[in-house]
Amino acid sequence: GVSNPVDALATKLGADAGCLQRLLRLLAAHGIFVLDGERVAHNEASLLLRDDHPQSLRAFVRMLGFDVNWRVFEVLEASVRQGHPATAGIVPDGYWQHLAANPRQAAIFNAAMTGKTHAHVAGILRAFDFTPFRRIGDIGGGRGHLLHSVLDIAPAARGLLFDQPHVIEENHALASERIELVGGDFFMDALPDCDLYLLMEIVHDWPDPQAVAILRNVRRAAPADARLLVIEELRSEGSELDWAKTLDVLMLGLLGGRQRTVDEHRALLDEAGWRVERVIGTTGGTSIIEVVAAGPRQR
């Protein structure tokens, strides 16, 4: 591909050429950009940092660079010692309220989640057949990117997008003949009847008691023959390096959530009245845990 002189890029960026080259050297060693002497070029990984890439992760990387996300590691020792995030001095009202009070960061966060979802959706659609279902509920579905993609390949289905009232209000234009928007609290508010529920990267945000509460609330709403897909990046059992282990420690420090193994998910689902039927890997890095109702509706 086209390469550019590092010193020309440094001038454009207002950076020191020697220091920029040292940074690029480290990135290239990790497979991001290609550095050849005094010239740098894009590769497949670095192209994901462009806004115009169809699977752009630029916003996701910018989100990881938030000051608040770095500062949780400053208090990680305290979080590990006390067993929950030691972030009172960083985000006194919690991370979600922090975003609500910082619209610029919230916009980047939303774009990051959109980009991350786009990166996963193609693998999810290839891995699971959505066509038999007629009413699909995306619980905590944000801007509805997963639900829209599912409805595109399941033309007989109608969708329901459930999220916090302010999220639904921000996305009111998504409502259509095929998509119903419902605002509420997924811990306690009554959820509509669906024959398929989706929880994509929701459970990992929460400690076990709250995760069970969400799963149990979906179970209360679910008809006897309903299915639930819990879509998460699963943590491997062994000591090999995987992104989920890094994300697990970030969740520990930031939200008190965690990345779980299959067996850890199974324990939560059993407690909430669900039974794991199968686990499906996808090409996008996530896994689909397909579960069915176990016994009568929860009360």
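**Pockets and a buried strand**

The second largest pocket has a lining of 22 residues, and those nearest its centre are Leu57, Phe60, Val61, Leu64 and Trp243. The model examined here is predicted. About 790 Å³ of space lies in this second largest pocket. Its lining comprises 14 nonpolar, six polar and two charged residues. Four elements are listed as giving at least two residues each: H4, helix H5 (67-71), H8 and H12. The most comes from H12, with four residues.

The largest pocket has a volume of about 1300 Å³. It is lined by 47 residues, and Trp96, Phe109, Met113, Gly140 and Asp205 are the closest to its centre. Two or more lining residues come from each of several helices, namely H4 (58-64), H7 (95-101), H8 (103-127), H9 (145-153), H10 (165-170) and H12 (243-254). Strands E4 (135-139) and E5 (158-163) also give two or more residues to this lining. H8 gives the most, with seven residues. By class, the lining of the largest pocket holds 24 nonpolar, 15 polar and eight charged residues.

The helices H4, H8 and H12 recur in both linings. In the largest pocket, H8 gives the most. In the second largest pocket, that place belongs to H12.

Attention now turns to the strands. Strand E7 spans residues 196-200, and five of its five residues are buried, so E7 is largely enclosed by the rest of the structure. In a regular strand, side chains alternate between the two faces of the sheet. In E7, Leu196, Leu198 and Met200 point one way. Tyr197 and Leu199 point the other way. Residues on both sides are buried, under 20% relative accessible area.

E7 has two pairings to report. With E4, E7 pairs in the parallel sense over three bridges. Here Asp138 stands opposite Leu198 of E7. E4 also gives two or more residues to the lining of the largest pocket. With strand E8 (residues 227-232), E7 again pairs in the parallel sense, over five bridges. Within this pairing, Leu228 in E8 is the bridge partner of Tyr197. Leu198 and Tyr197, the E7 residues named in these two contacts, point opposite ways from the strand. Helix H11 (residues 208-221) completes the arrangement: E7, H11 and E8 make a right-handed β-α-β unit.

How values were computed:
Residues are numbered from 1 along each chain as its sequence is written. This is a predicted model: local features need pLDDT of at least 70, side-chain atom pairs count only at pLDDT 80 or more; totals for chains, interfaces and linings use all residues. Side-chain values use heavy atoms; hydrogens and water are left out. On a 1 Å grid over the protein atoms alone, a cavity is a set of points where a 1.4 Å probe fits but cannot get out, and a pocket is an open set with protein on both sides within 12 Å along at least five of seven lines; lining residues have an atom within 4 Å of a point. Grid points are joined across faces, edges and corners, and a volume is the space filled by probe spheres set on the points. Ala, Val, Leu, Ile, Met, Phe, Trp, Tyr, Cys and Pro count as nonpolar, Asp, Glu, Lys and Arg as charged, and the others, Gly among them, as polar. Buried means under 20% relative accessible area, exposed over 50%, partly exposed in between (1.4 Å probe, protein chains only). Two strands pair if DSSP finds at least two bridges between them. A crossover is right-handed if, with the strands pointing away from the viewer, the path from the first strand over the helix to the second runs clockwise.
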